[in-house]
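Thank you all for coming; I would like to walk you through a structure that is new to most of this group. Please have a look at the sequence and the model while I talk, and keep your questions for the end.

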Amino acid sequence: MKIIIDNEKDLYKFYKKLPLYRSLFYKKVTFESNNENIKQIIKALNIKKRKERITYVYDTACKNIDNHYNNKNICGFKNNKCYVQQKLNDGNINGCCRWCLYQSNNGCKTSNLTCKLFTCSEVEKRCKVITFDDLSILKILTKRQRLIAKTNYFTKRESFIRDLYIGSFVVWEITQLIRFINIYIIIRSKRTSFK
C-alpha cells in the first residue's frame, strides 16, 4: 500500500496523522511525495526498523544544523575563548563545552544534537540561530523522545540514540544522573591535578 502526498490538503492530513504513521499499523505502507519540505520525513517513515529510523532522524537533524552553521564562527572563538569568555577574561576556555568530556582542541569528538542546538543569549543577539522547532525531521520522534532530545547534553552520539530508542524518562533520568556525576568527578580530578 502507498500513501501519496500531492497537494496542500494531503500535506495538512499528513502532518495531522504523523503520530499514527509512525506506528506499527503503517509498517507495510510506503510513503511518497514530491514536496521538498517533507522529503526527509518521508524517507524516515519509509525506514521500517525503529533503531535505523531513529538513527536516520538523529543524523539528519545534526547534518541540517551543521549545514546551517557551516563556515560560521557563531561563538566568536579566538584563542579557544568564546565572546563571553573574552569579555569576562576569567581564564575559562572552550565556551559552554568546557564542562563536556567529549570536547577537545579540535572541537567535539562526538555529535550531540542537543549541544548543537544550544546557543547562549550572546550568540542569539549576533546571528540567526536554528531552533528545535526549525527541524521538521524531529517531528518523526515521539513526544517523549523529543523531550529527551531537548535536554540530553554532553552525551555521545551512540548513547543519545540508545536513550531515544529506549524512550523511558525513568531510565533516561538515571542515566543522566550517572553521566553528570561522572562529569563532576572527572572535572574535579582534573582541577586538583593542576594544583
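Let me start with Arg157, which counts as partly exposed because its relative accessibility is 24%, and I should say straight away that what you see is a predicted model. Arg157 forms a salt bridge with Asp59, and the closest N and O atoms of the two are 2.8 Å apart. This pair links distant parts of the chain, since Asp59 sits in helix α3, residues 50–68, while Arg157 sits in helix α8, residues 157–166, and the two are 98 residues apart. Asp59 also counts as partly exposed, with a relative accessibility of 32%.

Now to another salt bridge, the one between Lys87 and Glu122, where the closest N and O atoms are 3.3 Å apart. Lys87 belongs to helix α4, residues 83–88, and Glu122 to helix α6, residues 121–126, so this pair ties together parts that are 35 residues apart in sequence. Is each partner buried or exposed? Lys87 is exposed, with a relative accessible area of 59%, whereas Glu122 has a relative accessible area of 9% and is therefore buried, the cut-off for that word being under 20%. Salt bridges that share partners join Lys87 and Glu122 with Lys125 and Arg126 into one network.

A further salt bridge brings together the side chains of Lys39 and Glu36, at 3.6 Å from N to O. Glu36 counts as exposed, because its relative accessibility is 58% and the cut-off for exposed is over 50%. For the model as a whole, the count comes to eight salt bridges.

Let me turn from charged pairs to the nonpolar residues. The largest nonpolar core has 41 residues, and those with the most contacts inside it are Phe14, Phe31, Leu113, Ile137 and Leu138. Which elements each supply at least two residues of this core? They are the strand β1 (2–5) and the helices α1 (8–21), α2 (39–45), α3, α5 (113–117), α7 (143–150) and α8. Helix α3 gives the most to this core, with seven residues, and α3 is also the helix in which we met Asp59.

To finish with one residue of this core, Ile137 touches Gln40, Ile41, Ala44, Tyr56, Val57, Thr60, Ala61 and Asn64, if we leave out residues up to four places away in sequence.

Notes
Residues numbered from 1 in each chain as written. Predicted model: local features only at pLDDT ≥ 70, side-chain atom pairs only at ≥ 80, totals over all residues. Heavy atoms only, no water. Salt bridge = Lys/Arg side-chain N within 4 Å of Asp/Glu carboxyl O. Buried < 20%, exposed > 50% of the residue type's maximum accessible area, 1.4 Å probe, protein only. Helix = DSSP H or I, 4+ residues; strand = E, 2+ residues; numbered from the N terminus. Core = buried A, V, L, I, M, F, W, Y, C linked by side-chain atoms within 4.5 Å. Contact = heavy atoms within 4.5 Å.
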